[in-house]
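Biologist: Could you bring up the model so we can go through it together? I've got a handful of questions.

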Protein chains: 2
Amino acid sequence: MVSDAESAPVFAKPVTLREVAAAAGVSVATASKALNGQGRMTADTRERIREVAQRLGFRPNHLAQSLLRRRSFTVGLLTNDTYGRFSLPLMAGVSDALVDNGVSVFLCNVEDDLRLGQLHVEAMLDKRVDGIIATGKRVDRHLPVDLSNLRVPVVYAFTQPDAGAIGLVSDDAGGARLAVEHFCRLGRRRIAHVSGPSSFEVVNTRADAYRAVLEENNLAVSEPLLGAWSEAWGHEAVARLFGGRGERPDAIFCGNDQIARGVIDALRERGVGVPDDVGVIGFDNWEIVAEATRPPLTSVDMNLASLGREAGLALLSLVGGQPAAPGIRKLPCRLVVRQSCGRPPGG
Amino acid sequence: MVSDAESAPVFAKPVTLREVAAAAGVSVATASKALNGQGRMTADTRERIREVAQRLGFRPNHLAQSLLRRRSFTVGLLTNDTYGRFSLPLMAGVSDALVDNGVSVFLCNVEDDLRLGQLHVEAMLDKRVDGIIATGKRVDRHLPVDLSNLRVPVVYAFTQPDAGAIGLVSDDAGGARLAVEHFCRLGRRRIAHVSGPSSFEVVNTRADAYRAVLEENNLAVSEPLLGAWSEAWGHEAVARLFGGRGERPDAIFCGNDQIARGVIDALRERGVGVPDDVGVIGFDNWEIVAEATRPPLTSVDMNLASLGREAGLALLSLVGGQPAAPGIRKLPCRLVVRQSCGRPPGG
DNA sequence: TCTCACTGAGAAAACCTTTTCCCAAACCGC
DNA sequence: GCGGTTTGGGAAAAGGTTTTCTCAGTGAGA
């Protein structure tokens, strides 16, 4: 009999505009206009309605608004980066740029599963997202999803865009330049480059920039050592660089922070001082790695959060009907200096 | 004059049920029923309508459906784990459990900002989410958001639940048992424990379990070494354990994988063999760390994806009106065996 | 007093779908 | 041929909001 002591909580029904209008003794039309600052009415009426709405805790139903406006203030974020190394900062940037505009973000992890991707995209479209941001774990690959000819605009961030679409990526060449030029400024003369597999486009982009900077500075170019994205490869690369009888580098620019970690550990094991004997720079600025190396690692940061923010804003302007030139836009990296490069050897 | 060559693409207007009905020569009511398998009509009519819908590429507008059903098939996922170490696997699990039920997930990063949290929660409620999952980077802390007395059900995962709410966490005591019992089975007799700061509840939970297992096995309990969650602390702990004249451990159970990494590195630097002289087990099973240690690290996995899945399903049943007992539910961990423990010394 | 312009506010359509009736026609048994 | 049932399908309300159109009243100028 005592039914109000049930364990399942009962959730209050949201108050509607109709109820506000009734409570204020006006029509829904007037109530709507009062709350939106539209229409004509006495300041008195408007204030009274506002006051009632406030008191009743009225919050407009976005579903109804969206239906009418044909705009849901919602976007989808597609990623196949389950691990989140790159997606998460990017996502944070996207969300950050959009939340202030009242736009919420659906997160869709499509793994590398075509069926799952299709499923998510259709769910997005059915839910009437205003647009879609596609991002991935690898800049030179397409997401395993077909996003062409969708009913909504699409922006690609940190993944390969479809033809005719808008893509935002980090300026890897610029990032590599930052690192190598930093070494040059510090007076390092024999700068090596240890990077990931050449099947990654960024590996070649960065290697090219590395060569270019060395040539600009009249320094000898040693062929980049390409391997895996792992610590183990960093170890092995050091063995190759320091094992032979050739001239040894006084600086190593690494393709990512894990390689750099391996390099630093291997150098220490050989009794080579970092940064005194050899400077090391990584890529990605993955703090958890960069701050755990001994000494802490100077690294190139791709500014993924900014990339995400830019992607969010680009999508928003597309949704707003602004035409935008298709193509790939590159955003600058920045060098985060810690202690693995030191002062110039001579000074 | 040639206006069809504009650069801004024009997006096709979605086709509505009304249009399908018109094309099929029936009323919208009939069309709706035909597509949903409701109502009565000749199989012929139903098939014809289906065919027309298919041909026109009709997809029902979820906004309209949601408005009518008072259910948006949408949930919000709140987190303050910007870094994503714990959130991301959890998120993947949530999304995984829900996508098959047609439910999409809003991702909301609230940082540690109360204002931002409030903003996101209100946006969610306005968008009429069916429920909210709260998750964090720390099990023993509340999210900086007030989720009590919301109009929708809330499930907490990997974060401290409000009183009377449902929370899912990993069974840290069980996880610690797995590790220490594994050592015991392997015949290790002097098992040490190196963990994070005692301000973390899990540190104490795991330490208690560690002590309990040792006592159950009639082994000497050495006081856990508590410090930071870092590699550096792992190093220092090894210095303490192996620097003095006391008996040295033959196994070290670490509070997370980073500490374990530091421990293993420090042991190698001292010439202590892993796993031959000392076995090491970590916690978190963070693959990128666990697989980079030499040898690869045996570690306790908290099954965060499962946790996420469970949280998603729990929320779903709550949304469906099923009453559920409030309280904290603990989900089992599992031990991922790699090579840092080895075979029993005697066998 | 008669228009004119303006003011304040309401009625109703629109957004798109689902669902509950309701109705006409056909069919049944008698 | 007649009451009753089944069949196939439509009309309309509902969900919550926005917006356009309309309208009654008011004060002013002629």
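**Helices, sheet and DNA**

Modeller: Sure, and keep in mind that this is a predicted model. Let's start in chain B, where helix α8 (residues 201–216) lies across β6 (191–195), β7 and β8, running at about 175° to β6(B).

Biologist: And helix α10 of chain B, at about what angle does that run to β9(B)?
Modeller: Helix α10 covers residues 257–269 of chain B. It lies across β6, β8, β9 and β10 (298–301) of that chain. Its angle to β9(B) is about 155°.

Biologist: Which strands stand at the edges of that open sheet in chain B?
Modeller: Six strands make up the sheet, with mixed pairing, in the order β7-β6-β8-β9-β10-β12. An edge strand has a single partner, so one side of it is left without a neighbour in the sheet. In chain B that applies to β7 (225–226) and β12 (334–336).

Biologist: Do β8 and β9 of chain B pair in the parallel or antiparallel sense?
Modeller: Strands of a sheet can pair either way through backbone hydrogen bonds. Here β8 (residues 251–254) and β9 (residues 279–283) of chain B are joined over three bridges, and one bridge partner of note is B:Gly279, across from B:Ala251. The sense of the pairing is parallel.

Biologist: Now the whole chain: what radius of gyration does chain A have?
Modeller: Chain A holds twelve helices and twelve strands, and its C-alpha trace spans about 90 × 50 × 45 Å along the principal axes. A compact globule of 347 residues would come out near 20 Å. Chain A has 27 Å.

Biologist: What share of the contacts in chain A between residues at least 6 apart in sequence joins residues at least 24 apart?
Modeller: For background, 47% of the 347 residues of chain A count as buried. As for the contacts between residues at least 6 apart, the share joining residues at least 24 apart is 72%.

Biologist: What kind of axis relates the two copies?
Modeller: Chain A superposes on chain B by a rotation of 180° with 0.1 Å of shift along the axis, at an RMSD of 0.1 Å. The copies are thus related as by a two-fold rotation axis.

Biologist: Which residue of chain A comes closest to the rotation axis?
Modeller: The same surface serves both copies, with 100% of the contact residues of chain A recurring in chain B. At its C-alpha, the residue in question lies 2.2 Å from the axis. That residue is A:Phe106.

Biologist: Over to the DNA: which element gives the most to the surface near DNA strand D?
Modeller: 29 residues surround strand D, and A:Leu17, A:Ala29, B:Ala29, B:Thr30 and B:Met41 are the closest. Two or more residues each come from α1 (17–24), α2 (28–36) and α4 (62–69) of chain A, and from α2 and α4 of chain B. With five residues, the top contributor is α2(A).

Biologist: And which element gives the most near DNA strand C?
Modeller: Among the 26 residues around strand C, the nearest are A:Thr30, A:Met41, B:Leu17, B:Ala29 and B:Ala64. At least two residues each are supplied by α2 and α4 of chain A and by α1, α2 and α4 of chain B. The most, five residues, come from α2(B).

Biologist: Last one: is A:Asp44 buried or exposed?
Modeller: A:Asp44 sits in helix α3 (residues 43–56) of chain A. A residue counts as exposed if 12 or fewer other C-beta atoms lie within 10 Å of its own. A:Asp44 has 8, so it is exposed.

Methods: Residues are numbered from 1 along each chain as its sequence is written. Chains are lettered from A and ligands numbered from 1 in the order in which they are written. This is a predicted model: local features need pLDDT of at least 70, side-chain atom pairs count only at pLDDT 80 or more; totals for chains, interfaces and linings use all residues. Helices (H or I, at least four residues) and strands (E, at least two) are DSSP runs, numbered from the N terminus. The radius of gyration is taken over C-alpha atoms; the globule rule is 2.2 Å times the number of residues to the power 0.38. A residue is buried if 20 or more other C-beta atoms lie within 10 Å of its own, exposed if 12 or fewer, and partly exposed in between; C-beta atoms are placed from the backbone. Two residues are in contact if their C-beta atoms, placed from the backbone, lie within 7 Å. Two strands pair if DSSP finds at least two bridges between them. Axes are lines fitted to C-alpha atoms, for helices over the stretch in contact, and angles run from 0 to 180 degrees between N-to-C directions. Copies are superposed by least squares on the C-alpha atoms of residues with pLDDT of at least 70 in both. A residue is near a molecule or strand if its C-beta atom, placed from the backbone, lies within 6 Å of it.
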